[in-house]
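Good morning, colleagues. Please bring up the structure, and I shall take you through its principal features in turn.

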Amino acid sequence: MIDVIDSWLRLAATRLHEQAPALTALDQAIGDGDHGTNMDRGFTAIVALLDDGAPEGDGELGVAGARLRTAGRTLISTVGGAAGPLYGTALMRAGGAVAGADAALDTTAVLVAGLEAAIGGIEQLGKATTGEKTMLDALVPAAAAGREAVEQGAATPAVTAAIAAAAEAGAVATIPILATKGRASYLGERSIGHQDPGATSSALLLRALADVTAAAG
């Protein structure tokens with residue numbers, strides 16, 4: 001599990017660096033115009049910690065959970081705007097769920113439980129729900145797709161592929177939505193026609209997870 005988490009965080013950092021200009025362009029249309037640079041900076045800091053620090057925690061799930069919580073704290077301290085607290089809280093909640101998971105569960109079920117816990121943290125902190133043109137419009141359908149795939153007995157790569165595909169579809173589906181949360185809500189109807197940057201970065205992160213688990217088999 002810790003290998004999956006570490007590989008995911010590293011690949012996510014690479015993808016965010018590559019896509020930082022595109023994410024920033026999306027944010028320039030309806031936000032502060034810094035989402036790409038902020039996310040790139042935050043995940044660069046996470047990778048630096050991976051390079052320098054030894055894993056903490058007890059047992060495989062405990063170590064993986066501690067890694068996620070550390071990554072979350074790093075985002076809160078290095079990423080500006082709403083993204084730092086929201087993504088940071090998400091990773092910390094996911095870390096708690098992973099660390100507290102039943103050791104008898106397989107990796108797939110633990111990953112989905114972590115995603116569901118992350119969503120709960122975002123909903124609570126952001127006081128948001130789906131349909132408001134936020135990252136939840138990508139994350140909530142992703143978690144639902146993952147849970148369904150788990151219940152059908154799919155293997156981890158198939159589950160995470162379903163998660164990523166649902167997140168990507170959810171991000172695209174934010175284009176016609178009227179923003180009612182965050183800075184984008186100030187634009188009113190002018191927010192319609194633009195893809196939400198937070199939903200887009202969420203989809204990017206979950207595609208990185210799918211790619212990592214596919215490579216691991």
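I shall speak about the core, two of the helices, the salt bridges, and a few individual residues. Please bear in mind throughout that this is a predicted model.

Let me begin with the interior. The largest nonpolar core comprises 57 residues, and M1, W8, L9, F43 and L115 have the most contacts inside it. Helix 1, helix 2, helix 3, helix 4, helix 5, helix 6, helix 7 and helix 8 each give two or more residues to this core. The greatest contribution comes from helix 1, with nine residues. As for M1, leaving aside residues up to four places away in sequence, this residue touches E60, L61, A64, V98, T107, V110 and L111.

I turn next to helix 5. This helix has 20 residues, and the distance from its first C-alpha to its last is 28 Å, close to the 28 Å expected at 1.5 Å a residue. Its buried residues include V110, L111 and L115, together with G114 and G121. What covers the buried residues of helix 5? The covering elements include helix 1, helix 3, helix 4, helix 6, helix 7 and helix 8.

One residue of helix 5 that I should like to single out is T108. T108 counts as buried because its relative accessible area is 5%, under the 20% cut-off. Beyond residues up to four places away in sequence, T108 touches V150, A155, T156 and V159. T108 and A154 are 46 residues apart in sequence, while their C-alpha atoms are 8.8 Å apart in space.

Let us move to helix 8, which spans residues 197-216. Helix 8 has 20 residues and reaches 29 Å from first C-alpha to last, close to the expected 28 Å. Is helix 8 mostly covered or mostly uncovered? It is mostly covered, with 15 of its 20 residues buried. At the N-terminal end of helix 8, D196 acts as a cap, with a side-chain oxygen 3.1 Å from the backbone nitrogen of G198. After the helix comes G217, whose phi is positive, near 80 degrees.

Now to the charged pairs. How many salt bridges does the model contain? The count comes to five, and I shall describe three of them.

In one, the side chains of D51 and R10 meet at 2.9 Å, N to O. This pair links distant parts of the chain, since D51 belongs to helix 2 and R10 to helix 1, 41 residues apart. R10 is partly exposed, at a relative accessible area of 34%.

In another, E116 and R147 meet through their side chains at 2.7 Å, N to O. Here E116 is in helix 5 and R147 in helix 6, 31 residues apart. E116 is partly exposed, with a relative accessible area of 32%, and R147 is likewise partly exposed, at 26%.

The remaining example joins E168 and R207, at 2.8 Å, N to O. E168 lies in helix 7 and R207 in helix 8, so this pair ties together parts that are 39 residues apart in sequence. E168 is partly exposed at 31% relative accessible area, and R207 is partly exposed at 24%.

A contrasting case is D40, which is found in helix 2. D40 is buried yet has no salt bridge. Where is the nearest side chain of opposite charge to D40? That side chain belongs to R41, and is 8.1 Å away. Residues that D40 touches, not counting those up to four places away in sequence, are L16, H17 and A20.

Finally, I ask you to look at the backbone between helix 5 and helix 6. Most residues other than glycine have a negative phi. K127, just after helix 5, has a positive phi of about 50 degrees, although K127 is not a glycine. K133 is also a residue other than glycine with a positive phi, in this case near 65 degrees. K127 lies in the loop between helix 5 and helix 6, and K133 lies in the loop between those two helices as well. Is each of these lysines buried or exposed? K127 counts as exposed because its relative accessibility is 65%, whereas K133 counts as buried because its relative accessibility is 2%.

Thank you for your attention.

Technical notes. Residues numbered from 1 in each chain as written. Predicted model: local features only at pLDDT ≥ 70, side-chain atom pairs only at ≥ 80, totals over all residues. Heavy atoms only, no water. Helix = DSSP H or I, 4+ residues; strand = E, 2+ residues; numbered from the N terminus. Expected span 1.5 Å × (residues − 1). Buried < 20%, exposed > 50% of the residue type's maximum accessible area, 1.4 Å probe, protein only. Polar contact = N/O pair within 3.5 Å; in protein donor to acceptor, adjacent residues only side chain to side chain. Salt bridge = Lys/Arg side-chain N within 4 Å of Asp/Glu carboxyl O. Contact = heavy atoms within 4.5 Å. Core = buried A, V, L, I, M, F, W, Y, C linked by side-chain atoms within 4.5 Å. Lys, Arg positive; Asp, Glu negative; His and termini not counted.
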